[in-house]
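Visitor: Could you walk me through how the labels on a model like this one are earned? I'd like to see the reasoning behind them.

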Amino acid sequence: MVIKPLIKNYLIYQGTTFMLDFDWGIAEYPLDANCKAAMQIRKDIKSEDFICEATTENGKITISLIENRIKIKIPASETSLFDFDKAVYDIELEFPNHDRFRIVQGQMSLSLEVTRNV
């Protein structure tokens, strides 16, 4: 089975909480309490360093078995430090049997914050 990632581009508003929320609907791979997910944002695909990392381990990604959803939340304290014009990201989901799939990928654009230090 091939799972093709969704292609989604997003605008991040600097200094605000960034949230993504995805339905998971692949019956052959039901979400499990032991699933792990990770997302990295990088300036470009070849960048060694990432701008931001969200994982189930660091609490920025949660997997809701009841809702069958994957939720990502990056706090405003982090987005206020972002300084890119455009960046790339992807999200990978790993199952307990170690099958891993890229589920979403795309570009991020940053809208700079005007109101700061409030």
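Guide: Gladly! A salt bridge here is a side-chain nitrogen of Lys or Arg within 4 Å of a carboxyl oxygen of Asp or Glu. Keep in mind that this is a predicted model.

Visitor: What makes Glu78 and Lys60 a salt bridge?

Guide: Their closest N and O atoms are 2.5 Å apart, and the cut-off is within 4 Å, so the pair qualifies. Glu78 sits in helix α1 and Lys60 in the loop between β5 and β6, 18 residues apart.

Visitor: Why is Lys60 called buried?

Guide: Lys60 has a relative accessible area of 16%, and buried means under 20%, so the label fits. Glu78 has 22%; that lies between the 20% and 50% limits, so Glu78 is partly exposed.

Visitor: How do you know that Asp23 forms a salt bridge with Arg69?

Guide: The closest N and O atoms of Asp23 and Arg69 are 1.9 Å apart, and that meets the 4 Å limit. Asp23 belongs to strand β3 and Arg69 to strand β7, 46 residues apart. At 59% relative accessibility, Asp23 is over 50% and therefore exposed.

Visitor: What makes β3 and β7 a pair?

Guide: Pairing needs at least two bridges, and these strands share 6, in the antiparallel sense. Phe22 stands opposite Ile70 in β7.

Visitor: Why are β3 and β6 at the edges of the sheet?

Guide: The strand order is β3-β7-β6. β3 and β6 each have a single partner strand, so one side of each is left without a neighbour in the sheet.

Conventions: Residues are numbered from 1 along each chain as its sequence is written. This is a predicted model: local features need pLDDT of at least 70, side-chain atom pairs count only at pLDDT 80 or more; totals for chains, interfaces and linings use all residues. Side-chain values use heavy atoms; hydrogens and water are left out. Helices (H or I, at least four residues) and strands (E, at least two) are DSSP runs, numbered from the N terminus. Buried means under 20% relative accessible area, exposed over 50%, partly exposed in between (1.4 Å probe, protein chains only).
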